[in-house]
Amino acid sequence: MSQITEIARDVFKITTFISEFNIQFNQFLVRDEEPLLYHTGMKGLFPTVKEAVAKLIDPTTIRWIGFSHFEADECGALREWQRIAPDATAICSFVSKMVSVDDVVGERPARALEDGEEFATGKCRFKFLQTPHVPHAWDAGHLFEENSGTLLCSDLFHQNGEVEAVTSSDIVSRFKEVLIEYQQGPFANYLPYTTKTEQILGRLASLKPKTIASMHGSTYVGDGESAIYDLLEAMRDVLGGSG
Ligand SMILES: [Fe+2]
Ligand SMILES: [Fe+2]
């Protein structure tokens, strides 16, 4: 059973906590003329996410399915969604589309977004930023909703545990704990620190987000620019600046 929270006007967070792994998986539904689901979650989550979406809109009317990079929690249930929503089209980076999505999980071709491209779903206006290897993966990108200042930030700001839906308190220390914990086990080097990391995070910070919507953990409401610079420092501390 998933928990639903409105994190900005008509932007809903759908949270499912998986206790075996002490982790939350969040999807975000933008309720608009052309409804957008950001992250599908893994295939196994499809029934519960669909049930949650159905409390907000008719799930068959989903028009866009966005995600940061090709991974199961990002787009694993894309095909399941496209089978029930006849107009649902994936929107992702050119690399995601060409290298993986169309061949592996797409029921129909994805729409590739160019770096800096803007698009609207109705009243919500989005900007796409190509962010290779941030949070991770060659094909990574981010969507920013300009009206509400919401940054859909995928694995950045990842926090473990059954945490609150939304907070204005610091989440970077919890993010740093995850990085440190993961460095000790099979998830080591979860996020790379590359020669481009500082520049890319600086670009995200310059958007001055008011709401930071992470895939794992609480959504942060506050000074997003400062939070992103704090996150950069945490990554540099734990992962090192030498790549
Ligand atoms: Fe990821
Ligand atoms: Fe993730």
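**Exercise 1.** Leaving aside its neighbours within four places in sequence, which residues is Arg125 in contact with?

*Solution.* Keep in mind that we're working with a predicted model. Start by placing the residue: Arg125 sits in strand 9, which covers residues 125-130. Now skip everything within four places in sequence, and the contacts of Arg125 turn out to be Glu118, Ala120, Glu146 and Asn147. As a further distance check, take Phe144, 19 residues away from Arg125 along the chain: the two C-alpha atoms are 8.2 Å apart.

**Exercise 2.** Work out whether Arg125 is buried, partly exposed or exposed.

*Solution.* Count C-beta neighbours inside 10 Å, and you get 14 for Arg125. Buried takes 20 or more, while exposed takes 12 or fewer. Arg125 therefore counts as partly exposed.

**Exercise 3.** Lay out the open sheet that holds strand 9, and find its edge strands.

*Solution.* First, write down the order of the seven strands: 8-9-10-11-13-14-12, with mixed pairing. Next, look for strands that pair on one side only: these edge strands are strand 8 (118-120) and strand 12 (166-167). Then zoom in on strands 9 and 10, which run antiparallel and are joined by five bridges. In that pairing, Lys127 has Phe144 as its bridge partner, and Leu129 stands opposite His142. Moving one strand along, three bridges link strand 10 to strand 11, again antiparallel, and here Phe144 has Leu151 as its bridge partner. Finally, check the turn: the hairpin of strands 10 and 11 has four residues between the strands, and Gly149 takes a positive phi near 70° there.

**Exercise 4.** Sort the residues of strand 10 by face, and say how covered the strand is.

*Solution.* Here's the rule to lean on: in a regular strand, side chains alternate between the two faces of the sheet. For strand 10, that puts Gly141, Leu143 and Glu145 on one side, with His142 and Phe144 on the other. Both faces are covered, and five of the five residues are buried.

**Exercise 5.** Find which residues of helix 6 are buried, how they are arranged and what covers them.

*Solution.* Helix 6 spans residues 197-205, and its buried residues are Thr197, Ile200, Leu201 and Leu204. Look down the helix axis: these buried residues fall within an arc of 95°, so they line one face of helix 6. The cover over them includes strand 9, strand 10, strand 11 (150-152) and helix 7 (224-239).

Definitions and conventions. Residues are numbered from 1 along each chain as its sequence is written. Chains are lettered from A and ligands numbered from 1 in the order in which they are written. This is a predicted model: local features need pLDDT of at least 70, side-chain atom pairs count only at pLDDT 80 or more; totals for chains, interfaces and linings use all residues. Helices (H or I, at least four residues) and strands (E, at least two) are DSSP runs, numbered from the N terminus. Two residues are in contact if their C-beta atoms, placed from the backbone, lie within 7 Å. The arc is that of the directions from the helix axis to the C-beta atoms. Two strands pair if DSSP finds at least two bridges between them.
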